[in-house]
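This report describes a protein model in running text, with one small table. Please keep the sequence and the structure in view while reading.

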Amino acid sequence: MDAIAGLMTGFAGAMTPENLYYAFIGSLLGTLVGVLPGVGSAAGMAILIPVTFNLPAEGAIIMLSALFYGSYYGGTITTVLLGIPGESASAVTLLDGYQMAKQGRGGAALSVAAIGSFIGGTFAACGLVVAAPVMVQYALKFGPTEFFSLMIVATALLMTFAGTSMLKSLIMGLFGFSLATVGMDPAIGIPRFTFGRIELMDGISFVPVVMGLFGLSEIFENLENPARKVFQTSMKSLIPSMQDTKDCIGPVARGTVLGFLLGLIPGTTQALASFLSYTTEVKVSKSPERFGHGAIEGVAGPETANNSHANAALIPLFTLGIPGSPSIAILLGAFMMNGLAPGPLLFATSPKLAWTVVASFFIGNLMLLILNLPAIPLWVMILKIPYSILNGLILTFMLIGAYSLSNSAFDVGTLIAFGVLGYIFRKAEFPLAPTALTLILGPLLEKKMRLALELSGGDLSVFYATPISGTLLALAALIVLWPVYQVLANTYRRRTALVK
Amino acid sequence: MFIVNIAVGLAFLCLSIYMVIGSISMKYYTDLGPGPGFFPFWLAAIMGVLTTLWLVRVFVGPRQPLPEGFFPSRIGALRLAGVLFALIAYALVADILGFRIAMLLFLLFVLYGPGRQSVPMSIAIAVLGSFGAYHLFHDVLGTHLPLSNIGFLENLGL
Amino acid sequence: MKLKTTVILSSLALAMWSSTSVLAAGFPEEGKRITMVVGSGVGTGGDIFYRLLTKELEKVSGKNIEVINKDGAGTQFALQAISTSKPDGYTMGQLALPTATMIWLDPTKQAQFKGDSFIPVSMVMSDPGATAVRADSPYKNMKDFIDAAKANPGKIKIGAGARNTRQHFDVLALEKAAGVTVQKVHADSTAQPVTLLIGGQLDAVAESVGDFLNMVKSGQLRILGVWDDKRSPLAPEIPTMEEQGYKLYSGASRGLAIPAGTPKEAVEFWDNAVKKVTESAEFKDGMAKLGLPIKYMNSQDYAKLYKETEDRIKPIMSSGN
């Protein structure tokens, strides 16, 4: 087979000392950039760009891609241990990961995340080798119409989250959707609910909201109760238990596939992949009530999905030259700066470079696993710092992270405001997760709907009359109606039993 | 808990009413589908209905007592208020004093006040968290952080 | 009494000191912080361009310049930041024409700045507009495309950038010039319409030459026409719109703006620095690698273009809405 032979020559190219070195530097910087809030993969890559001007093409691309997928390994660490999501992709991990850290299982959460990330990333790299061009052609058929219907499925999954109070969850979900309407509307481009603030034109930034709702409000709660022990740390729980491992097989497998498929579709984000993985896990779980209180599936699934997505998102770049996100656009830039045009001809015109880079993905992911696993005990040691000091440092990181998202004090204000709001919701026992999740979905839902309608010339039938979109909508209907049917069926059964 | 539930419920109700009123003045439908007012209107309307249902349930249902520790102790409340004050103060002065000085003051206050750390410890951590963090984020990683716009601080490079 | 005198004296001294620091001869002064405000998000094409420019400007001027990304609302955040910064020559930033002009002329954007809030320093590059189709598309040239649009009014789908942007107005101008109507599809990034085009959801896309070159090289796209009076040096085989009978010109230019009220010498200093940069071999090399054509314009010419752009767009914006 061509691909296998190509990959072999690729490994030969990627195993040279200098290419191993570039992969290592990229992985290391990626982890660092991921750990530090406020420095995303795009920013990290932008710092490296001047350096790559003077590097050989292979080295530059290997280093930049390792930094890109490596940042998702690192992002988990701050999210789980400190409750600060550095990027929107790791926001979902916060829901259960941070709870695990508080229960002294932070080490297990990080291990599972690293292993899941490795599996997801490696699988996606395999996908790139085996069947990428064919799959991407299919993925391109997944246009805005299908995207919209997928969002409806996600919303349906969310609606069936029972929680302690269905009504409260729904209200909080709608609250998130409402927040998502702030900003320029996608239909005719007028500002909505912006109160004349230009900072709100692009909508409310997601990361400071999540950081505030979850991280900051948690700190507020801890502050008012001086006697409470915040983190239990025990070194024993560094390694996932047998039960943990068993629990994680399903989520990791599903997360891998989900992240991979979404990664193929240009325009989807890692945040969306981890979101869908999380909701899927809640849906298929036999005990959904554990989610939000430190369920390891809630860490394994999303973390696997976002890494699988990150690696799979390189497939449209390699096969079509389409950048799905700013970080990938930088990679595209690195190709172009070296006179290469990623696309269908890349593997034909410069096979050595292409295969070397692909082989480096396997090596890079392995390096990241080796870099990350032994370091976990060290990271967990952070929690041994006396809480009042740790508290100060967490606040510092949050303030830096919120500010550097768009270099504006406005986001710092958003962080504080949502911290207070989150505190109030916690006191009133309103669940916070639905708000965060709908805030991811809201803007996408409306934008894609508008785009789909512009493409169809205002014909609403595209949503139900086209095969993929129609199937997805049917699935959404099924998800919503199934519990209703179950309730009805149960009552009927009981009645007939009574009659008998 | 009754009062709390009512208060939060009413707040949500106000929000939905505000959004419904706000969305009425926006275009509801365009020739290509929903306009800017479509989604806010329906979201807010549904939110209003659900909140009303919730409020009814709170009124009809049994009155639950406030959970233990709902109100923080005096010390706890003071610590909370102190940190919140410090956060707001930081947000307001960061662009004037620059990140390093604002963060230094913020950390000194948070660590020494609510954190009850000793003076040397507070100073050490505060310097690390302000000047140290600035070095890491700005000088090493190229992240921009707020700088002072007061003349003499600016000339010092802060 | 003594205290009062001290206060007055010291505030007087402070006032003199600060005023001299603005007016001081020999711009730029030692130890002053210089910032470059970039409105494109980190890692986007615009950001990489400005980082390259900044790097070369640092070499030419011998000063450190810090890049600050104020990403959002189509460079509006950055323009806002530039317009409210101190007019002392130490803060400059991204000026993309005609994008910037359209922001302050569009009332829905609620911009707090106008044309006279900025001094255009110099233009650095200009990328002409272009219309592209898939490589396997039946439209071989602009005429094929227009004929198809005439035969199927409102059926041909064309990616027209975000609403009220240069690309949007390009499509409107094409409709007017050729007497056709097409279905305009608005996207929120440059990558998105190209993706939709490759995926077969769109029939054509209006962007700039640089946005398509990579895909043209890889054999996926074909540019039907370049919206310029002469062929692009980066793609000399592609005919212009003018050659095909449409007097349509458009493009995206990038340059530097500095807040209004900045001393003349500062503007001249940066203009000269930019001129030197555009003549340096390293900058030329970097720009060629990025696929961006250099086009330098000095302060006077750039200011003229700046004014013309505003005069040209004003009637379109008021009639469009």
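## Charges, fold and selected elements

In chain A, the mean position of the 25 positive charges and that of the 23 negative charges are 11 Å apart. The model discussed here is predicted.

The overall form of chain A may be described next. Its secondary structure consists of 23 helices and two strands. Along the principal axes, the C-alpha trace extends over about 70 × 60 × 60 Å. How does the radius of gyration of chain A agree with that of a compact globule? For 500 residues, such a globule would have a value near 23 Å, and chain A agrees because its radius of gyration is 23 Å.

Burial and contacts add to this picture. Of the 500 residues in chain A, 65% are counted as buried. The surface that chain A exposes amounts to about 17100 Å², and carbon and sulfur atoms supply 71% of that area. Among the contacts of chain A with a separation of 6 or more, 79% join residues that are 24 or more positions apart.

One residue of chain A illustrates these points at a smaller scale. A:Tyr72 belongs to helix H4 of chain A, which covers residues 57–82. Is A:Tyr72 buried or exposed? A:Tyr72 has a relative accessible area of 6%, and it is therefore buried, since the limit for that class is under 20%. Leaving aside residues up to four places away in sequence, A:Tyr72 touches several residues, including A:Ser41, A:Glu87, A:Gln270 and A:Asn307. A:Gly26 is 46 residues from A:Tyr72 along the chain, and the C-alpha atoms of the two are separated by 12 Å.

Chain C offers an example of strand pairing. Strand S9 of chain C comprises residues 251–259 and is mostly covered, with seven of its nine residues buried. Which strands pair with S9(C) in the antiparallel sense? The table lists two such partners, S3 and S4 of chain C.

| Strand of chain C | Residues | Bridges to S9(C) |
|---|---|---|
| S3 | residues 91–97 | five bridges |
| S4 | residues 118–134 | nine bridges |

A single residue of S9(C) links the two pairings. C:Ala257 stands opposite C:Gly93, and C:Ala257 is also the bridge partner of C:Pro120. In a regular strand, side chains alternate between the two faces of the sheet.

Methods:
Residues numbered from 1 in each chain as written. Chains lettered and ligands numbered in written order. Predicted model: local features only at pLDDT ≥ 70, side-chain atom pairs only at ≥ 80, totals over all residues. Heavy atoms only, no water. Helix = DSSP H or I, 4+ residues; strand = E, 2+ residues; numbered from the N terminus. Rg over C-alpha atoms; globule rule 2.2 N^0.38 Å. Buried < 20%, exposed > 50% of the residue type's maximum accessible area, 1.4 Å probe, protein only. Contact = heavy atoms within 4.5 Å. Areas by Shrake-Rupley, 256 points an atom, 1.4 Å probe, with all protein chains shown as cover. Lys, Arg positive; Asp, Glu negative; His and termini not counted. Charge placed at Lys NZ, Arg CZ, Asp CG, Glu CD. Pairing = 2+ DSSP bridges.
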